[in-house]
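Here are a few notes to read alongside the model. Have it open and follow along point by point.

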Amino acid sequence: MSTILDQAGKDALVAAAREVQARAYAPYSKFLVGAAILTRSGRVHLGVNVENASYPVGACAERMAIGAVYAAGDGDAIAVAIATDAPTPVMCCGMCAQALYELSPEILVIASARGDQRREAVVREVLPYAYQGEGLLTGPGADKAGDAA
Ligand SMILES: [Zn+2]
């Protein structure tokens, strides 16, 4: 739960996102984003946005950090900090909100802009109608799911 994260903890997480932001690969937009996800174990998993000459191939920093969380087998996420140099805090995009929701519906999102102006919200507030997989196992065709191949 986000409630166990005090101000010092939030500041440290934003600092981690701010530090990794410099390593973002964004040669096309020049919009560098760093993300840092704190898990209950106390570990911080980092991500940066990664652009590509074929634009849709690129991925947001938040989802890159989510990959690091899963890769570490450390999935009990508490908070994610997102650092940009935008003039106002930039919340995660809808795609990342969906991915963060599946990681933890209670994850606290802390967006930090240039000058560390911040905006905070729990991810279910960012994307209140997040897709929860309803119908994936019970929808049309589900009865055939085990019949493939
Ligand atoms: Zn995103």
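1. Some vocabulary to begin with: helices (H or I, at least four residues) and strands (E, at least two) are DSSP runs, numbered from the N terminus. By that count the protein has 4 helices and 5 strands, and along the sequence they follow the pattern α-β-β-α-β-α-β-β-α.

2. A word on the source: this is a predicted model, where local features need pLDDT of at least 70, side-chain atom pairs count only at pLDDT 80 or more, and totals for chains, interfaces and linings use all residues. Residues are numbered from 1 along each chain as its sequence is written.

3. What's inside? Buried residues (20 or more other C-beta atoms within 10 Å of their own, with C-beta atoms placed from the backbone; exposed means 12 or fewer, partly exposed is in between) make up 34% of the 149 residues.

4. Now look at helix α3 (residues 94-103): its buried residues are Cys96, Ala97, Ala99, Leu100, Tyr101 and Leu103. Their cover includes α2 (61-71), β3 (77-83), β4 and α4 (123-126).

5. Which residue in the loop between α1 (7-21) and β1 (34-39) should you check? Pick Lys30: its phi is near 60°, a positive value in a residue other than glycine. Lys30 counts as exposed because it has 9 C-beta neighbours inside 10 Å.

6. Asp116, in the loop between β4 (108-112) and β5 (118-122), also isn't a glycine, yet has a positive phi of about 65°. With 12 other C-beta atoms within 10 Å, Asp116 is exposed.

Notes: Contact = placed C-beta atoms within 7 Å.
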